[in-house]
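Trainee: Please choose one part of this model and go through it closely. I would like the criteria behind each term as well.

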Amino acid sequence: MSASLRLVHPPEDLDSERWDAVLRRDASADGTFWTCVKTTGVYCLPSCSGRPKRENVFFTETRAEAEAAGFRPCKRCRPDRFLIGGVKDRIDELDWGRAHDALNTNGWAALGRLLSDEDCAGLINAYEEDALYRSRVVMRRHGFGEGEYRYFADPAPQLVSDLRTGLYEKLAPLANEWAKALKQDRTYPHDHAAYRRRCAKAGQKRPTPLILKYGPGDYNRLHQDLYGGEVFPIQIAILLSQPGRDFEGGEFVMTEQTPRRQSRAMVAPLEKGSAIAFAVNERPLEGARGTYRVKMRHGVSEVRSGARYCLGVIFHDAA
Ligand SMILES: [Fe+2]
Ligand SMILES: [Zn+2]
């Protein structure tokens with residue numbers, strides 16, 4: 001339903017058109033409005049196979065409105081997984097307030113779905129296209145684990161560069177807060193092109209977005225993706241394969257080391273196309289006696305079967 005259509009119809013007509021779309025289970029209306037079902041407390045896509053009664057239903061324009069009203073995404077039609085527009089629109093639609101809170105509390109945040117099944121398949125299928133990459137790293141040779149990854153060459157495919165520039169802009173304000181809290185004498189520019197110029201000045205000129213490929217028995221030891229003195233403190237991983245179907249095992253794991261404490265382990269639930277943001281190296285943690293410096297590491301547990309592909313988006317470049 002377009003904005004212009006909204007303007008020419010009074011709201012009662014709009015609601016009855018929406019209800020008609022729900023009765024038809026009209027997939028072409030998916031993403032244009034959201035159906036909140038008062039009896040179940042969930043919100044749905046118009047195409048959902050559920051059969052609510054008219055008196056139990058109202059509509060919202062956005063997912064955020066439905067969630068703010070206390071409704072949860074339906075487990076059947078998964079409105080939370082529905083993608084609208086291009087990558088930039090999808091990034092804009094994420095709940096960045098919640099993501100920043102989670103990053104401050106836990107050092108990582110589940111961002112939700114950013115890539116469609118077609119996007120994921122496209123990236124996986126292009127893994128062997130040599131012209132797209134600047135190098136291939138076989139992890140065993142470096143003692144990093146088992147498996148391999150490839151760094152994209154410049155310019156990266158549009159999808160990857162849209163992710164890198166779009167996500168950077170959402171994370172730079174938090175990176176600046178962290179730098180201040182950690183008393184680091186640095187600020188991050190608000191656009192990624194400017195940040196890449198800074199990396200280049202520091203001698204870090206090679207792009208770092210990468211695709212990692214793990215087969216049975218493969219894993220990635222706990223590590224930090226540091227490539228020189230220039231570090232952007234948050235990075236992104238997007239899973240391209242579906243756990244339980246494309247592969248078994250291969251959990252994304254993180255550890256957090258707080259001064260005078262044992263390490264804490266965390267496992268991020270990921271599904272195909274969904275993203276997490278996490279601290280690369282250090283993050284501030286507000287404690288009773290001031291700000292603590294928390295060290296993070298991340299890795300992947302052993303893949304038991306199948307193939308697990310992941311897109312990594314690191315914002316600093318490499319030397
Ligand atoms: Fe990594
Ligand atoms: Zn539903």
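Mentor: What follows is a close look at one pocket, and then at its setting in the chain. The model is predicted, so local features need pLDDT of at least 70 and side-chain atom pairs count only at pLDDT 80 or more, while totals for chains, interfaces and linings use all residues. Residues are numbered from 1 along each chain as its sequence is written, chains are lettered from A and ligands numbered from 1 in the order in which they are written, and side-chain values use heavy atoms, with hydrogens and water left out.

The part I have chosen is the second largest pocket, which holds about 420 Å³ of space. A pocket here is an open set of points on a 1 Å grid over the protein atoms alone, where a 1.4 Å probe fits and protein lies on both sides within 12 Å along at least five of seven lines; lining residues have an atom within 4 Å of a point. Points are joined across faces, edges and corners, and the volume is the space filled by probe spheres set on them.

The lining of the second largest pocket comprises 29 residues, and those nearest the centre are Tyr149, Asn220, His223, Asp225 and Tyr227. Two or more lining residues come from each of α7 (139-142), β8 (148-152), β9 (210-214), β10, β11 (234-239), β17 (290-300) and β19 (308-313). Helices (H or I, at least four residues) and strands (E, at least two) are DSSP runs, numbered from the N terminus. β10 gives the largest share of this lining, four residues. By class, 18 of the lining residues are nonpolar, eight polar and three charged. In that scheme Ala, Val, Leu, Ile, Met, Phe, Trp, Tyr, Cys and Pro are nonpolar, Asp, Glu, Lys and Arg are charged, and the others, Gly among them, are polar.

Two of the residues nearest the centre deserve separate treatment. His223 belongs to strand β10 (residues 219-223). Its relative accessibility is 18%, so His223 counts as buried; buried means under 20% relative accessible area, exposed over 50%, and partly exposed in between (1.4 Å probe, protein chains only). The side chain of His223 makes a polar contact of 3.4 Å with that of Asp225. A polar contact is a pair of N or O atoms within 3.5 Å; within protein, one must be able to donate a hydrogen and the other to accept it, and residues adjacent in sequence count only if both atoms are side-chain atoms. Neighbours within four places in sequence aside, His223 is in contact (heavy atoms within 4.5 Å) with Arg297, His298 and Gly299. His298 is 75 residues from His223 along the chain, yet their C-alpha atoms are separated by 5.5 Å.

Asn220 is also in strand β10, and it counts as buried because its relative accessibility is 10%. Its side chain is joined to that of Tyr214 by a polar contact of 3.1 Å. With neighbours within four places in sequence again set aside, Asn220 is in contact with Met139, Phe144, Leu212, Tyr214, Gly299 and Val300.

For the setting, the protein chain is divided into domain 1 (3-81) and domain 2 (87-313), with bounds from an automatic or database domain assignment. The C-alpha centres of the two domains lie 34 Å apart, and four residues of domain 1 are in contact with five of domain 2. The largest pocket, with about 870 Å³ of space, lies between domain 1 and domain 2, because both give residues to its lining. Its lining has 31 residues, with Asp80, Leu94, Arg98, Leu111 and Gly112 nearest the centre. β5 gives the most to the lining of the largest pocket, six residues. That lining divides into 16 nonpolar, four polar and 11 charged residues.

A few backbone details complete the account. Most residues other than glycine have a negative phi, and most peptide bonds are trans. Asp154 and Pro155 are joined by a cis peptide bond, with omega about -10°, and Pro155 is in the loop between β8 and α8. Arg78, in the loop between β4 (72-73) and α4, has a positive phi of about 45°. Arg260 also has a positive phi, near 60°, and lies in the loop between β13 (252-257) and β14 (264-268). At 75% relative accessibility, Arg260 counts as exposed.
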